[in-house]
Amino acid sequence: MRKPSDSFRDSFTGTAHKLTSKSSPSSRFEDEARRCGARRIAGIDEAGRGPLAGPVVAAAVILPVADCIPDLNDSKLLTPAMRDKLFQKLRDCSAAFGIGIIPSETIDEVNIYQATLLAMKRAVADLGPAPDYLLIDGNMRLEMDIPQKSIIKGDRLCFSIAAAGIVAKVTRDSIMMELHEKFPLYGFAKHKGYATASHREAIIKHGPCSVHRTCFSGVKEFIEPPLFRSDH
């Protein structure tokens with residue numbers, strides 16, 4: 001089996017592609033990688049960089065070559081019901097998943113950018129079999145000895161990245177539903193930790209809880225001793 005060529009390894013990183021209202025994911029980038037010798041191509045995406053609370057979650061997904069999954073798209077363009085349905089389809093077609101979860105306390109320690117990179121690396125490490133090429137959403141590059149390509153708006157353009165975005169989003173939403181049971185005063189089940197008006201009002205009223213990101217604007221100004229209110 002051929003390994004991805006050195007020229008392919010270095011040929012394009014952080015590439016931007018023009019989007020239109022009709023843009024939708026395709027297998028273009030996977031096909032390019034296969035032509036250069038890659039066989040286990042993983043799409044990488046994350047969910048939860050922006051919220052005020054909860055973890056950042058990354059997923060790595062290797063799609064079966066033979067199976068086509070209709071309706072794969074940017075998770076942000078799909079309803080929760082559509083995401084759940086596609087998540088199950090990915091399971092049914094035996095797509096390989098890897099998940100990386102970085103909690104809020106680590107985000108506070110290393111910042112959200114570094115936490116996102118760490119989540120992505122953990123997602124790749126969680127894959128079995130290991131990938132031989134990575135397609136990464138955005139302009140990030142992972143410090144891993146695996147050929148890779150980063151694609152701006154990749155979740156709108158690339159099947160594998162779109163699949164990873166759906167897996168990451170569904171996984172994170174499930175975590176936030178569990179956190180809602182533990183911290184019901186904040187409404188995590190509704191807004192999943194994002195900075196909605198109701199979430200900001202809850203922080204003002206009750207103060208941050210232990211899963212809020214204390215380094216984020218919108219949280220840190222409301223921190224008072226004791227640092228966290230673990231009883232909420």
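# Working through the fold

Let's start at strand 3, which is mostly covered, with 5 of its 7 residues buried (under 20% relative accessible area; over 50% is exposed, and partly exposed lies in between, using a 1.4 Å probe on protein chains only). Strands here are DSSP runs of E with at least two residues, helices are runs of H or I with at least four, and both are numbered from the N terminus.

Some ground rules: this is a predicted model, where local features need pLDDT of at least 70, side-chain atom pairs count only at pLDDT 80 or more, and totals for chains, interfaces and linings use all residues. Residues are numbered from 1 along each chain as its sequence is written, and side-chain values use heavy atoms, leaving out hydrogens and water.

## Exercise 1: The overall layout

Work out how many helices and strands the protein has, and how they follow one another.

*Step 1.* Count the elements: you get 8 helices and 5 strands.

*Step 2.* Read them off from the N terminus, and the run is α-α-β-β-α-β-α-α-β-β-α-α-α.

*Step 3.* Check the burial: 53% of the 232 residues count as buried.

*Step 4.* Now the contacts, meaning heavy atoms within 4.5 Å. Of those with a separation of 6 or more, 66% are between residues 24 or more positions apart.

## Exercise 2: Building the sheet

Find the strand order of the sheet and say which strands sit at its edges.

*Step 1.* Begin at strand 1 (residues 41-47) and strand 2 (residues 56-62), which pair antiparallel over 6 bridges; two strands pair if DSSP finds at least two bridges between them. Here A42 stands opposite I62.

*Step 2.* Carry on from strand 2 to strand 3: these two run antiparallel as well, joined by 7 bridges, and A59 has I99 as its bridge partner in strand 3.

*Step 3.* Go back to strand 1 and look at strand 4 (residues 133-137), where the pairing is parallel over 4 bridges. In strand 4, I136 is the bridge partner of I44 and Y133 that of I41.

*Step 4.* Put it together: the sheet is open, has 5 strands in the order 3-2-1-4-5, and its pairing is mixed. Strand 3 (96-102) and strand 5 (148-151) are the edges, each pairing on one side only.

*Step 5.* Add the geometry. Neighbouring strands are turned by 20° against each other on average, direction ignored. Helix 6 (residues 159-182) packs on the sheet, touching strands 1, 2, 3, 4 and 5, and its direction makes about 40° with that of strand 1. Axes are lines fitted to C-alpha atoms, for helices over the stretch in contact, and angles run from 0 to 180 degrees between N-to-C directions.

## Exercise 3: Strand 1 and the pocket

Which way do the residues of strand 1 point, and what does strand 1 contribute to the largest pocket?

*Step 1.* I41, G43, D45 and A47 point one way, A42, I44 and E46 the other, and all of them are buried.

*Step 2.* The largest pocket has a volume of about 390 Å³. A pocket, on a 1 Å grid over the protein atoms alone, is an open set of points where a 1.4 Å probe fits, with protein on both sides within 12 Å along at least five of seven lines; lining residues have an atom within 4 Å of a point. The volume is the space filled by probe spheres set on the points, which are joined across faces, edges and corners.

*Step 3.* Among its 19 lining residues, D45, E46, K76, D137 and D155 are closest to the pocket's centre.

*Step 4.* Strand 1 supplies the largest share of the lining, 3 residues.

## Exercise 4: Two sides of helix 8

Sort the residues of helix 8 (residues 197-206) into buried and exposed ones.

*Step 1.* H199, A202, I203 and H206 are the buried ones. They sit on the same side of helix 8, because they cover an arc of only 100° around the axis, taken from the directions from the helix axis to the C-beta atoms.

*Step 2.* Recall the textbook rule: an α-helix has 3.6 residues a turn, so residues three or four places apart point the same way.

*Step 3.* On the other side of helix 8, A197, E201, I204 and K205 are exposed.

*Step 4.* The buried residues of helix 8 pack against helix 7 (188-191). Just after helix 8, G207 takes a positive phi of about 80°.
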